[in-house]
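Me: I would like a close look at a single part of this model: the largest pocket. Which residues lie nearest its centre? Please go on to the parts around it.

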Amino acid sequence: MKAKKQKPKKTEAAVTKDIKNFLDRLKRLGEPIFFVKLHGGPMQRAGLPDWLIIYHGRTYAIEVKRPGGKATRLQEHTLAGMRRAGAIAAETGRAAGRGRV
């Protein structure tokens, strides 16, 4: 009996593209949304999430990981700080749960 081929997991870039397409669609529909993809670099604070989104007056911070991926301690610390300040801050890529999307 042949083993079933496993479907390859999405890459982080593919997840990011899905998020961008979704946000672009909301903008085209006239939703009140602002978003920016942060790319990191030497002049930027380490640990910031990949996406900052403001939608209907709420601030969202999203750290993108491939399915099964995990945020670093610094990223988790930053997301926790953003939650304490009132943002909805989450990480993609792991099983659904508190602070995960």
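Reply: The answer takes the overall layout, then the pocket, then contacts and some single residues.

This is a predicted model, so local features need pLDDT of at least 70 and side-chain atom pairs need 80 or more, while totals for chains, interfaces and linings use all residues. Residues are numbered from 1 along each chain as its sequence is written, and side-chain values use heavy atoms, without hydrogens or water.

Start with the layout. The protein has 2 helices and 4 strands (DSSP runs of H or I, at least four residues, and of E, at least two, numbered from the N terminus). Along the sequence they follow the pattern α-β-β-β-α-β. The protein has 101 residues, and 30% of them count as buried (under 20% relative accessible area; exposed is over 50%, partly exposed in between, with a 1.4 Å probe and protein chains only).

Now the pocket. A pocket is an open set of points on a 1 Å grid where a 1.4 Å probe fits, with protein on both sides within 12 Å along at least five of seven lines. The largest pocket holds about 270 Å³ of space (the volume filled by probe spheres on the points, joined across faces, edges and corners). Its lining (residues with an atom within 4 Å of a point) has 13 residues. Nearest the centre lie Phe22, Leu23, Ile53, Tyr60 and Ile62. Which elements give two or more residues to this lining? They are helix H1 (12-28), strand E2 (51-55), strand E3 (58-63) and strand E4 (88-91). H1 gives the most, with 4 residues. By class, the lining has 12 nonpolar residues, 1 polar residue and no charged residues (Asp, Glu, Lys and Arg are charged; Ala, Val, Leu, Ile, Met, Phe, Trp, Tyr, Cys and Pro are nonpolar; the others are polar).

Stay with H1, one of the lining elements. Lys20 and Asp24 both lie in this helix, 4 residues apart, about one turn. They form a salt bridge (a Lys or Arg side-chain nitrogen within 4 Å of an Asp or Glu carboxyl oxygen). Their closest N and O atoms are 2.7 Å apart. Are the two partners buried or partly exposed? Lys20 is partly exposed, at 38% relative accessible area. Asp24 is partly exposed too, at 21%.

The whole structure has 3 salt bridges. Another one joins Lys37 and Asp50, with 3.7 Å between the closest N and O atoms. Lys37 is in strand E1 and Asp50 is in the loop between E1 and E2, so this pair ties together parts that are 13 residues apart in sequence. Lys37 is partly exposed at 22%, whereas Asp50 is buried at 12%.

E2 holds a further contact. The search finds 1 aromatic pair in the whole structure (Phe, Tyr or six-membered Trp rings with centres within 6.5 Å; stacked under 30 degrees, edge-to-face over 60, tilted for the rest). It joins Phe35 and Trp51. The rings are tilted, 6.1 Å centre to centre, with 55° between the planes. Phe35 sits in strand E1 (residues 33-37) and Trp51 in E2, so the pair links distant parts of the chain, 16 residues apart. Both partners are buried: Phe35 at 17% and Trp51 at 2%.

Move past E2. His56 lies in the loop between E2 and E3. Its relative accessibility is 53%, so His56 counts as exposed. The phi of His56 is near 55°, a positive value in a residue other than glycine. Most residues other than glycine have a negative phi.

Next come Glu63 and Lys65. They form a salt bridge, with 3.5 Å between the closest N and O atoms. Glu63 is buried at 2%, and Lys65 is buried at 13%. Lys65 has a second partner, Thr92: the backbone nitrogen of Lys65 lies 2.9 Å from a polar atom of the Thr92 side chain. This is a polar contact (N or O atoms within 3.5 Å, one able to donate a hydrogen and the other to accept it; sequence neighbours count only through side-chain atoms on both sides). Thr92 is in the segment after E4, and Thr92 is buried at 7%.

One last stop is Thr72. This residue is in the loop between E3 and helix H2 (73-84). Thr72 is partly exposed at 41%. Gly47 is 25 residues from Thr72 in sequence, and their C-alpha atoms are 8.1 Å apart in space.
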